[in-house]
Amino acid sequence: MYRFGSFINGEMLVGGGRTSFEVHNPYNQELIGTIDFATLEDANQAVEVAHRVFHDTMKQLPAHERSRILRKAADLIESDSERFAALLSQEAGKPIRDARGEVGRAVQVLRFASEEAKNIVGELIPLDAAVGGENRIGMSKKYPLGVVLAITPFNFPLNLVLHKLAPAFAAGNTVVLKPAEKTPLSSILLAEIFDKAGLPKGALNIVMGTGVALGEPLVTHPLVKKVTFTGSGPVGFKIKEMAGNKKVTLELGSNSPNIIFADANLDLAATSMVKGGFSFAGQACISVQRIYVQTDVYQSFLDKFIPLVETLKVGNPLDETTDVGPMITQDAANRIEAWVDEAVKQGARVLTGGKREGQSYLPTVLVDVEPAMKVVCQEVFAPLVCVIPFETEEEVIAAANNSDYGLQAGVFTKDIDRAFRLADQLETGGVWINEISTVRYDHIPYGGVKQSGIGKEGVKFAIDDMMETKFIGIRLS
Ligand SMILES: NC(=O)c1ccc[n+]([C@@H]2O[C@H](COP(=O)([O-])OP(=O)(O)OC[C@H]3O[C@@H](n4cnc5c(N)ncnc54)[C@H](O)[C@@H]3O)[C@@H](O)[C@H]2O)c1
Ligand SMILES: O=C[C@H](O)CS(=O)(=O)O
């Protein structure tokens, strides 16, 4: 059992009349930790410390030292990876094999950031390209911003936190992190890791609490220079409104389309869709949600897909053989149950699943759905996919783009010309060919369009968004 609090200027703030919050394992409700929430004074102190440490220490730290700290943090997590995986599995209800995958990715994110820290380059600008610019030298140079506020979701409590911390430190910024209150414990382990890796005290400050209580004071704090948020759309756009003229990155949700043409490798498509639709109970922003299948192969696809879905084992996330764990909360399980019931009343058919087992929802496949049903047009964020037939390329592009969201898409076809036509026309931040929307490597440019977000992550791209470019010019005599 853990008892923790906010982590500010290298100190853990526990007790002192602070409100406590219990963290339970979503599978069996076992109590796994207690977190003391930050007060408003704690939150302000976190920003002030981060501001001071930025000016006194962090912005002076040479690139090779920032790189060394990040590399060391990667090594430390790697050597303690089983402890991280077990904690992720317990606090998020993530199947242990997926939790190990998340830890492995987190190590890579730190290693990418370690390399990028040494490769932050400006440009020489040919000033004589402008009339009158002769006899001058121009260059651009990048500078860290100062205090970065990172607000993160419950579903990847280690890797998505590191997608903010690692680029911020690579760039020479300091951070105030407000992790999801449902999964705060892995952030505390991270604080230990960065401390051991030699990150200056006060460069990472973690503020525990709800977004409702702490969101506004943190986001509007005048010393915060950038807000980087991953989470749901309504919260993200509210943060953007509150942030005024601060820089903002928003990584939000989606209802990812995946398109299977008649010429596709159907076995590959079916096995990939199972992984992409049901891993971590569909609680990923790029989870496969809408599967469009060309009519000629619609039935053959279902004949391959449904038996594979039915082999998935729902159960205890700590069990090595579990494929699908629980939903994060009872409310989340109730919500998806209500959406499926509503879709069925409106004419949808359940081919498999459609039932609750405690806080788990069985892997579910719906057909005969309509574009206006919640299970199609909203983000399900649950182990549920809709399989939808289509006839022509034009029709499926229009259907896939008929969404408020646009994060990633998948297209399965052997026709390279068509693959590029789709890549050009799908309104998403990323398109995979012969791969599902759910795949993300941590160095790719990643981030959505429309209601799926603003800006890009992926270590190098996040670093860029966490720096200011300054022009420096010299007039030669
Ligand atoms: N695009 C991506 O990279 C990505 C990655 C993971 C999750 N997500 C999205 O996140 C959502 C699921 O995560 P969640 O349920 O934790 O999201 P959420 O929006 O409920 O919470 C995310 C974070 O925002 C905080 N928050 C809540 N209200 C706030 C407010 N008013 N001001 C400031 N902060 C506030 C929460 O405490 C939490 O730390 C899904 O929509 C999913 O698609 C997106
Ligand atoms: O939930 C959405 C995440 O961005 C998925 S991943 O952790 O980046 O793969």
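**Exercise 1.** Work out whether valine 161 is buried or exposed, and place it in its surroundings.

*Solution.* Start with the area: valine 161 has a relative accessible area of 1%. Buried means under 20%, exposed over 50% and partly exposed in between, with a 1.4 Å probe and protein chains only, so valine 161 is buried. Next, find its element: valine 161 sits in helix 5, residues 159-171. Helices (H or I, at least four residues) and strands (E, at least two) are DSSP runs numbered from the N terminus. Then list its contacts, meaning heavy atoms within 4.5 Å. Not counting residues up to four places away in sequence, valine 161 touches Thr152, Phe156, Leu177, Ser187 and Leu190.

A word on the model before going on: it is predicted, local features need pLDDT of at least 70, side-chain atom pairs count only at pLDDT 80 or more, and totals for chains, interfaces and linings use all residues. Residues are numbered from 1 along each chain as its sequence is written, chains are lettered from A and ligands numbered from 1 in the order in which they are written, and side-chain values use heavy atoms, leaving out hydrogens and water.

**Exercise 2.** Find which residues of helix 7 are buried, and what covers them.

*Solution.* In helix 7 (residues 211-219), pick out Leu214, Gly215, Leu218 and Val219 as the buried residues. Now look down the helix axis: these residues fall within an arc of 115°, so they line one face of the helix. The arc is that of the directions from the helix axis to the C-beta atoms. Finally, turn to the cover, which includes helix 1 (40-56), strand 7 (147-151), strand 8 (174-178), strand 10 (224-230) and helix 8 (233-242).

**Exercise 3.** Describe the place of aspartate 42 in helix 1.

*Solution.* First check burial: aspartate 42 is buried, at a relative accessible area of 5%. Then follow its side chain, which reaches the backbone nitrogen of threonine 39 at 2.8 Å. Leaving aside neighbours within four places in sequence, aspartate 42 is in contact with Ile8, Leu13, Arg18 and Phe37.

**Exercise 4.** Identify which residues surround ligand 2.

*Solution.* Using a heavy-atom cut-off of within 4 Å, you should find Arg105, Asn155, Phe156, Leu160, Ala284, Cys285, Ile286, Arg440 and Tyr446 around ligand 2. Among them, arginine 440 places a polar side-chain atom 2.8 Å from an oxygen atom of ligand 2.

Note on methods. Polar contact = N/O pair within 3.5 Å; in protein donor to acceptor, adjacent residues only side chain to side chain.
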